[in-house]
Amino acid sequence: MATMKAVCLERFGGPETLELKEITRPEPGPGELLIKVRSASVNPVDYKMRSGKYPPMKADELPTVLGRDISGTVVSCGAGVTGFKRGDEVFAMLDGAHGGYAEYVALPATLCAPKPESLDHTAAAAVPLAALTAWQGLFDHGDLLPGERVLIHGGAGGVGHFAIQF
């Protein structure tokens, strides 16, 4: 059984509750990619989860690996995966079942997109959650249409700087 290093949350609390551990390396299932993580971002939801102040996460779900955004390289593809191959550089916003603070993550290929060549892995890992939040706020929930204008408060923040560009 192959192993990997991951930053695990064993109990709720401060930064000291995060521990570097050796855990079982995942294998991609049908429709999944195994990604070698090159960069992972830290978002406000991560410290809220770590501190126990994120209501959807309960203590009985611990231990877990946090991290919602990654950028990395495809190591292998599960059965039925199309559009990706070993060696492809990708970035992704992970679902609640997967954490990016690890050497590897196996996740549905549908959560992945090709990493733009113009971004290094560090920059690419900072995009998904903030960009998707801005997009959803403006277009999915705000119903913003072409030609309409919107005032964006906090435009220097992670979500705000994407909203300005959109």
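Contacts, sheet and cores

Reader: Which side chain does a polar contact of 2.7 Å join to that of Ser71?
Author: A polar contact is a pair of N or O atoms within 3.5 Å; within protein, one must be able to donate a hydrogen and the other to accept it, and sequence neighbours count only if both atoms are side-chain atoms. This is a predicted model: local features need pLDDT of at least 70, side-chain atom pairs count only at pLDDT 80 or more, and totals for chains, interfaces and linings use all residues. Residues are numbered from 1 along each chain as its sequence is written, and side-chain values use heavy atoms, without hydrogens and water. The partner of Ser71 is His121.

Reader: Is Ser71 buried or exposed?
Author: Ser71 is found in strand E5, residues 69-77 (helices, H or I, have at least four residues and strands, E, at least two; both are DSSP runs numbered from the N terminus). Leaving out residues up to four places away in sequence, Ser71 touches Lys36, Phe91, Lys115 and His121, among others (contact means heavy atoms within 4.5 Å). The relative accessible area of Ser71 is 0%, so Ser71 is buried.

Reader: In what order do the 3 strands of the open sheet run?
Author: Strands E2 (18-24) and E4 (64-65) are the edges, each pairing on one side only. Strand E1 (residues 3-9) pairs with E4 over 2 bridges, in the antiparallel sense (strands pair if DSSP finds at least two bridges between them). The pairing in this open sheet is antiparallel, and the order is E2-E1-E4.

Reader: Which residue in E4 stands opposite Cys8?
Author: The residue sought touches Ala6, Cys8, Ile23 and Ala102, among others, with residues up to four places away in sequence not counted. Opposite Cys8, in E4, stands Val65.

Reader: Which element gives the most to the largest nonpolar core?
Author: This core has 17 residues, and among those touching the most other members are Ala6, Leu34, Val65 and Tyr104. A nonpolar core is a set of buried Ala, Val, Leu, Ile, Met, Phe, Trp, Tyr and Cys residues joined through side-chain atoms within 4.5 Å. E1, helix H1 (44-51) and strand E7 (104-108) each supply at least two of its residues. The most, with 4 residues, comes from E1.

Reader: How many residues are in another core, apart from this one?
Author: Leu33 and Val37 belong to that other core. Val74 and Val81 are also among its members. Its residues number 14.

Reader: How many residues apart in sequence are the parts that the pair of Trp135 and Phe166 ties together?
Author: The structure holds 3 aromatic pairs, and this one is edge-to-face, at 5.2 Å centre to centre with 85° between the planes. Rings of Phe, Tyr and Trp (its six-membered ring) pair if their centres lie within 6.5 Å; planes under 30 degrees apart are stacked, over 60 edge-to-face, the rest tilted. Trp135 lies in helix H3 (residues 128-141) and Phe166 in the segment after helix H4 (158-165), so the separation of the tied parts in residues is 31.

Reader: What is the relative accessible area of Phe166?
Author: Ring pairs link Phe166 with Trp135, Phe139 and Phe162 into a cluster. Trp135 is partly exposed, with a relative accessible area of 40% (buried is under 20%, exposed over 50%, partly exposed in between, with a 1.4 Å probe and protein chains only). Phe166 is also partly exposed, and its value is 40%.

Reader: Which residue does a cis peptide bond join to Leu62?
Author: Omega of this bond is about 0°. The residue sought is found in the loop between H1 and E4. Leu62 is joined to Pro63.
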